Amino acid sequence: MTLGTKQDVLQAMKRVYRYQAENQIRSVIRRSGKTRFIKDTDWERGVFWSCAAAAWKATGDTEYLDGVKDYALHTGFRTGPNARFADDHVCCQAYLDIYPEFNQPEALEPTIKALDIMVDSPELGRKDWWWCDSLFMAPPAFVALSKQTGDPKYLDYMNTAFWDSAEHLLDTETGLYYRDHRYIPTGNGEELREENGNKVFWSRGIGWVLASVPRILANIPEDYMNRSEYITLFTHLATEVIKYQQDDGFWRTSLLAPENFPAPESSATALFCYGLAWGVNTGELDKEIYLPVIEKAWAALLECIHDNGMIGWVQLPAFNPRDVKFEHNIDYGAGAFMLAATEVAKLAE
């Protein structure tokens, strides 16, 4: 099994990008049956455009840059409306990546205002970033803002809060991360568990954690005091997640109970593929061990692309393992695929 050529990878990324950019998902149905309408600053959209910005930085392809510029101008560089809420901060990653193309201080003002709320009144990471997805959504924005402004306070705040959250959510028995406090064993049996009695470890949530490290390290100074700790978290988690890849190259929505929802799932698979490929590309992971895992994952992801470029098998918004269908598609799934492609393209060279 091979990854194909770099051109093959870039073409797949462009197909997925073009479909999703032209077919932004406007609403989702909650489990209650009620419709939630997606704002342009919501995390579903913010993840996609942040990943499009990453695609531009990785390739220099201005089609991605033009799309992100249009997005940022449309939102006015605004964050989401909720203070101290990581999902409303992920859009800042897109803004900060393309900020040098504008180089207008007012373009930074909404991000500074939103993140200063937290820096000026610090709380424990486990209070603000209480769910594992949040470690992907917010921390990379804090680091990128430090880089753009030259002010270390955002990086230092992030570093303290990140580790408090990560240590709270880590299960030392498995080396995996709980989605949130509802799944952490309390000793009195109140935590949520799988039907088979196993702890609940949701693949996409853990994918967000693994993928957060490359996003954070992209803007952390090489000599930053805790840089090596992020690498240690990353390599330890990579060692664990590859145990749960299935024979077809996918990860299922539940790592410890894959039989509950046996359908493939592309967003977690893409996040794992991205993280592992980054690890091999940077020399942090052993190529002999991880390249076969990446090759299987990438081949599986290519099977998710519909003829029109839509990526399917994306678990819809959730906080736990659920069923997935081939026709399930939403913006962040395309974003995760694009992140994977940026690193797989380097491996395919």
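## A tour from two cysteines to the whole fold

Begin by selecting C92 in this predicted model and displaying its side chain: the sulfur of C92 lies 4.6 Å from the closest cysteine sulfur, which belongs to C91, and that is too far for a bond. The cut-off that matters here is 2.5 Å between the two sulfur atoms, because a pair counts as a disulfide within that distance. If you widen the search to the entire model, you will find zero disulfides in the structure, and C91, whose nearest cysteine sulfur is that of C92, is accordingly in no disulfide.

Keep both residues selected and turn on a surface. Are C91 and C92 buried or exposed? C91 counts as buried because its relative accessibility is 0%, and C92 counts as buried with a relative accessibility of 0%.

Next, extend the selection from C91 to helix α4, residues 91-102, and add helix α2, residues 43-59. The two helices pack at an angle of about 35°, with their axes 7 Å apart, and their crossing is left-handed. To see what fills the contact, show the side chains of G46, W49, S50, A53, A54, W56 and K57 on the α2 side, then those of C91, Q93, A94, D97, I98 and E101 on the α4 side. Coloured by class, this contact has seven nonpolar, three polar and three charged residues. C91, the buried cysteine from the start of the tour, is thus one of the α4 residues that meet α2.

Now move along the chain to helix α5, residues 109-120, and select D116 within this helix. How much relative accessible area does D116 have? The value is 15%, and D116 is classed as buried because the limit for that class is under 20%. Leaving aside residues up to four places away in sequence, the contacts to display around D116 are S121, K153 and Y154.

Finally, zoom out and switch to a cartoon of the protein, in which there are 14 helices and four strands. The radius of gyration is 19 Å, close to the 20 Å that the globule rule gives for 349 residues, so the protein is as compact as a globular protein of that length. A box drawn around the C-alpha atoms along the principal axes would be roughly 50 × 50 × 45 Å. Colouring by accessibility shows buried residues making up 60% of the 349 residues, and, of the contacts with a separation of 6 or more, 71% are between residues 24 or more positions apart.

Methods: Residues numbered from 1 in each chain as written. Predicted model: local features only at pLDDT ≥ 70, side-chain atom pairs only at ≥ 80, totals over all residues. Heavy atoms only, no water. Axes fitted to C-alpha atoms, helices over the stretch in contact; angles between N-to-C directions. Left-handed = near helix turned anticlockwise from the far one by under 90°. Contact = heavy atoms within 4.5 Å. Nonpolar A, V, L, I, M, F, W, Y, C, P; charged D, E, K, R; others polar. Buried < 20%, exposed > 50% of the residue type's maximum accessible area, 1.4 Å probe, protein only. Rg over C-alpha atoms; globule rule 2.2 N^0.38 Å.
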